[in-house]
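Got the model open in your viewer? Let's walk through it one selection at a time.

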Amino acid sequence: MIRKSVIIILIALLCLMAVRCRSSSLPEQEEETAEEREELIVVGFSQLGAESDWRSANTESMRSTFTAENGYQLIFEDGQQKQANQIMAIRTFIQQEVDYIVLAPVTETGWDTVLQEAKDAGIPVIIVDRMVNVSDDSLFTCWIGSDFELEGKKAAEWLNQYTLAKGLNPSDLHIVNIQGTIGASAQIGRTKGLADAARANGWDLLAEATGDFTQAKGKEVMESLLKKYSNINVVYCENDNEALGAIEAIEAAGKRAGSDIAGGEIMVISFDGVNKEALGYVLEDKITCIAECNPLHGPRVRTVIELLEEGKQPDKFSYVSEKIFSADETVMTLMVDGTECQVTILTGNPSY
């Protein structure tokens with residue numbers, strides 16, 4: 001009986017020692033997890049919204065790049081198309097003492113104060129996609145994005161060469177421009193590209209109206225323009241989603257979207273080349289030409305951060321190389337600003 005009691009006591013003591021050993025190891029495990037977290041580079045990303053397929057692809061590129069597996073912690077904030085939300089997000093990032101701030105600004109102006117706050121906190125700011133117009137360029141480390149005016153020039157020159165090849169008189173082109181969000185870099189550059197070409201070539205630029213880069217607004221604006229102007233034969237949409245909306249309105253009005261301007265069709269020109277339906281429409285000749293705007297900025301931003309981590313200075317402005325898409329072989333090359341650009345003839349959808 002005494003022996004049995006001793007055995008029970010010994011078993012109880014062993015169990016107690018095991019529990020204590022396990023308990024004493026927990027803080028060490030938690031400390032290791034905290035240390036692992038501290039080793040991650042923390043990136044605060046203020047995205048302007050989710051207004052288009054391009055924007056969604058851009059967001060996904062950032063999310064898939066800045067992962068724990070790659071050595072990063074991403075703090076993502078959707079600005080919902082409001083600059084006030086983005087400014088609040090940047091101030092939150094500063095309070096959180098992130099290592100880097102990435103900003104995709106909704107508009108170009110109004111950033112001086114908050115970017116000065118980030119600079120004072122010693123946090124590098126990387127601007128992506130749209131530019132910022134600030135009084136002091138040292139308020140941001142660098143910018144990565146597209147040359148939006150060049151995109152506009154490419155699309156306009158494609159239209160010029162196409163119509164000349166078809167024997168159309170420039171004065172017979174009656175164009176409407178469904179613009180992007182007013183004040184955004186893409187809107188400013190693409191609008192200027194068309195407006196300059198219209199003046200130089202003698203095209204009739206009937207109207208400019210914002211579609212806010214959305215399909216619903218693109219459709220609404222096109223419906224209004226078709227009621228106001230009976231002679232529209234070219235619609236220049238500043239992104240794919242607006243183009244899809246415009247085509248809905250064109251077809252609902254009993255007209256046809258296509259490249260045969262002389263035959264009464266309305267030519268649709270677009271930008272981005274991300275939306276699969278829009279790319280499919282190129283193959284169907286509902287959209288005749290798309291100037292590419294590449295959304296995959298995540299790896300580019302990561303490259304910049306890696307340079308900064310090594311104590312190196314990246315280029316202040318980094319432009320993305322982009323293509324122009326068509327399924328029509330009438331125009332194969334463009335000469336824009338003294339540089340030759342090959343037109344990519346689509347036979348299938350490029351994917352991002």
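Start with the whole protein chain: of its 352 residues, 48% count as buried, where buried means under 20% relative accessible area, exposed means over 50% and partly exposed is in between (1.4 Å probe, protein chains only). This is a predicted model, so local features need pLDDT of at least 70 and side-chain atom pairs count only at pLDDT 80 or more, while totals for chains, interfaces and linings use all residues. Residues are numbered from 1 along each chain as its sequence is written, and side-chain values use heavy atoms, with hydrogens and water left out.

Color by secondary structure and you get 10 helices and 14 strands; these are DSSP runs numbered from the N terminus, helices being H or I with at least four residues and strands E with at least two. As for contacts (heavy atoms within 4.5 Å), residues 24 or more positions apart account for 71% of those with a separation of 6 or more.

**Stop 1: Asn233**

Select Asn233, in the loop between helix 7 (215–228) and strand 8. It is buried, with a relative accessible area of 10%. Show polar contacts here (pairs of N or O atoms within 3.5 Å; within protein, one must be able to donate a hydrogen and the other to accept it, and residues adjacent in sequence count only if both atoms are side-chain atoms). The side chain of Asn233 reaches the backbone nitrogen of His174 at 2.8 Å, and one of its polar atoms sits 2.9 Å from the backbone oxygen of Asp172. Beyond its neighbours within four places in sequence, Asn233 also contacts residues including Leu173, Ile261 and Met267.

**Stop 2: Glu238**

Next, go to Glu238, in the loop between strand 8 (234–237) and helix 8 (240–252). Which side chain of opposite charge is nearest to Glu238? That would be Arg190, 6.0 Å away, and buried Glu238 has no salt bridge. Here Lys and Arg count as positive and Asp and Glu as negative, with His and the chain ends not counted; a salt bridge needs a side-chain nitrogen of Lys or Arg within 4 Å of a carboxyl oxygen of Asp or Glu. What Glu238 does have is a side-chain polar contact with the side chain of Asn177, at 3.0 Å. Other residues it touches include Gln179, Thr191, Phe213 and Phe271.

**Stop 3: helix 8**

Now pick helix 8. At its start, a side-chain oxygen of Asn239 comes to within 3.4 Å of the backbone nitrogen of Asn241. The helix is largely enclosed by the rest of the structure, because 10 of its 13 residues are buried; among them are Asp240, Glu242, Leu244 and Ile247. Try measuring end to end: the C-alpha atoms there are 18 Å apart, which agrees with the 18 Å expected for 13 residues at 1.5 Å a residue (the expected span is 1.5 Å times one less than the number of residues). Just after the helix, Gly254 takes a positive phi of about 80°.

**Stop 4: strands 9 and 10**

Select residues 267–272 for strand 9, which runs parallel to strand 10 and is joined to it by four bridges; strands pair if DSSP finds at least two bridges between them. Ser270 stands opposite Ile290 in strand 10. Both faces of strand 10 (residues 289–292) are covered, with Cys289 and Ala291 buried on one side and Ile290 and Glu292 buried on the other.

**Last stop: Lys119**

Finish at Lys119 in helix 4 (residues 112–120). At 38% relative accessibility, Lys119 counts as partly exposed. Leaving out residues up to four places away in sequence, Lys119 touches Asp136, Ser138 and Leu139.
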